[in-house]
Amino acid sequence: MALSIQSLLILFTTLLLKETLVVAETCSNCFTHSRAAYYPNSDEQGTDVGACGFDVSAVSDLYRNGVGCGACYQVRCTNSNYCSDTGVTVVITDQGSSHDTDFILSQRAFGRMAQTKDAAASLLALGVVDIEYRRYPNKNITIKIDENSNYPHYFAFVLWYQQGDKDITAVQLCETQNFVCKLLDRSHGAVWTTNSPPSGPLSLRMLLSGEDGDESWIIPVNNIPENWKGGETYDTGVQINV
């Protein structure tokens with residue numbers, strides 16, 4: 001039996017809606033096109049690898065007055081003659097811009113976008129290249145205790161490996177036994193501090209905020225141990241996929 005025009009229109013609309021939903025679901029994996037430069041002699045200046053073990057990078061608009069600090073991105077150049085498919089993973093540590101770029105990489109990170117050492121030399125000779133980037137997936141948010149923290153009087157840390165499209169705009173530190181929470185101060189960038197931290201094993205609550213005004217709290221699976229130490233890193237056990 002032949003389908004009516006109305007039935008065909010309904011079927012077409014349904015298929016189009018499903019396709020749109022699939023695109024929306026995978027949008028977090030989409031790449032954004034931009035440009036990248038690198039710091040000359042950055043290896044000698046100590047801007048090569050961040051505390052989280054990833055290459056470090058300065059950014060322009062992505063820094064957003066420090067809110068974007070600590071987020072990790074996969075960055076890959078788009079010249080098929082020189083560039084690999086994987087590119088390099090960087091963590092945002094500073095603000096900077098050059099030649100209408102979103103990223104200013106270390107010299108090492110810039111070269112790691114290439115397929116070979118010879119290709120890396122060619123990339124470095126170019127100085128500025130077209131790239132595509134996205135938030136780095138498949139990594140748990142990690143707490144890096146600042147070396148200047150003084151147990152149990154002063155507590156400061158940064159949050160590494162942030163994912164998703166939202167930003168962490170507030171952090172609470174909570175006692176796990178009675179769930180008394182304290183709102184932390186953002187001193188600069190992604191550094192969260194308090195002069196009188198709660199006692200015992202601690203848990204975090206992180207407020208995620210989107211550009212559309214949507215907000216939600218996320219609670220890590222793993223706690224910070226009672227006897228935390230400066231310089232230590234702790235896996236929260238959670239990833240942000242929104």
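These legends accompany close-up views of a predicted model.

**Figure 1. Overview of the 242-residue chain.** The predicted chain holds four helices and 15 strands. Buried residues account for 45% of its 242 residues. Take the contacts between residues at least 6 apart in sequence: 68% of them join residues at least 24 apart. The structure has six salt bridges. There is one cavity of 30 Å³ or more.

**Figure 2. The largest nonpolar core, with 26 residues.** Seven members touch the most other members: Tyr 73, Val 75, Val 90, Phe 103, Met 113, Leu 123 and Ile 131. Four strands and two helices each supply at least two residues of this core. The strands are S3 (72-77), S4 (88-95), S5 (103-105) and S6 (129-135). The helices are H3 (107-111) and H4 (117-126). Apart from this core lies another, of 21 residues. Its members include Ile 145, Leu 202, Trp 228 and Val 238.

**Figure 3. Contacts of Leu 123.** Leu 123 is among the residues that touch the most other members of the largest nonpolar core. Neighbours within four places in sequence are left aside here. Leu 123 is then in contact with Cys 77, Tyr 82 and Cys 83, among others. Its contacts also include Phe 110, Met 113, Ala 114 and Val 129. One of these, Met 113, is likewise listed among the members with the most partners in the core.

**Figure 4. Salt bridge between Asp 130 and Arg 35.** The closest N and O atoms of the pair are 3.4 Å apart. Asp 130 lies in strand S6 and Arg 35 in strand S1 (residues 32-38), so the bridge ties together parts 95 residues apart in sequence. Asp 130 is partly exposed, at 42% relative accessibility. Arg 35 is also partly exposed, at 32%.

**Figure 5. Salt bridge between Arg 64 and Asp 167.** Here the closest N and O atoms are 2.4 Å apart. Arg 64 sits in the loop between strand S2 (55-59) and S3, and Asp 167 in strand S9 (residues 167-175), so the pair ties together parts 103 residues apart in sequence. Arg 64 is partly exposed, with a relative accessibility of 28%. Asp 167 has 11% and counts as buried, because the limit for that class is under 20%. Arg 135 joins Arg 64 and Asp 167 in a network of salt bridges.

**Figure 6. Salt bridge between Lys 166 and Asp 214.** The two side chains meet at 2.5 Å, N to O. Lys 166 lies in the loop between strand S8 (155-160) and S9, and Asp 214 in the loop between strand S13 (202-209) and strand S14 (215-218), so the bridge ties together parts 48 residues apart in sequence. Lys 166 is buried, at 10% relative accessibility. Asp 214 is partly exposed, at 39%.

**Figure 7. Surroundings of Ser 106.** Ser 106 is placed in the loop between S5 and H3. Its relative accessibility is 1%, and Ser 106 counts as buried. Ala 58 is 48 residues away along the chain. The C-alpha atoms of Ser 106 and Ala 58 are separated by 8.7 Å.

**Figure 8. Surroundings of Thr 78.** The loop between S3 and S4 carries Thr 78. Thr 78 is partly exposed, with a relative accessible area of 39%. Residues up to four places away in sequence are not counted among its contacts. Thr 78 touches Cys 83, Asp 130, Ile 131 and Glu 132. Asp 130 also forms the salt bridge with Arg 35. Ile 131 is a member of the largest nonpolar core. Val 129 is 51 residues from Thr 78 along the chain, and their C-alpha atoms are separated by 8.0 Å.

**Figure 9. Lining of the largest cavity.** The volume of this cavity is about 50 Å³. Val 67, Cys 69, Leu 159, Gln 162, Ile 168, Arg 186, Ala 190 and Trp 192 line the cavity. By class, the lining has six nonpolar residues, one polar and one charged.

Conventions
Residues are numbered from 1 along each chain as its sequence is written. This is a predicted model: local features need pLDDT of at least 70, side-chain atom pairs count only at pLDDT 80 or more; totals for chains, interfaces and linings use all residues. Side-chain values use heavy atoms; hydrogens and water are left out. A nonpolar core is a set of buried Ala, Val, Leu, Ile, Met, Phe, Trp, Tyr and Cys residues joined through side-chain atoms within 4.5 Å. Buried means under 20% relative accessible area, exposed over 50%, partly exposed in between (1.4 Å probe, protein chains only). Contact means heavy atoms within 4.5 Å. A salt bridge is a side-chain nitrogen of Lys or Arg within 4 Å of a carboxyl oxygen of Asp or Glu. On a 1 Å grid over the protein atoms alone, a cavity is a set of points where a 1.4 Å probe fits but cannot get out, and a pocket is an open set with protein on both sides within 12 Å along at least five of seven lines; lining residues have an atom within 4 Å of a point. Grid points are joined across faces, edges and corners, and a volume is the space filled by probe spheres set on the points. Ala, Val, Leu, Ile, Met, Phe, Trp, Tyr, Cys and Pro count as nonpolar, Asp, Glu, Lys and Arg as charged, and the others, Gly among them, as polar.
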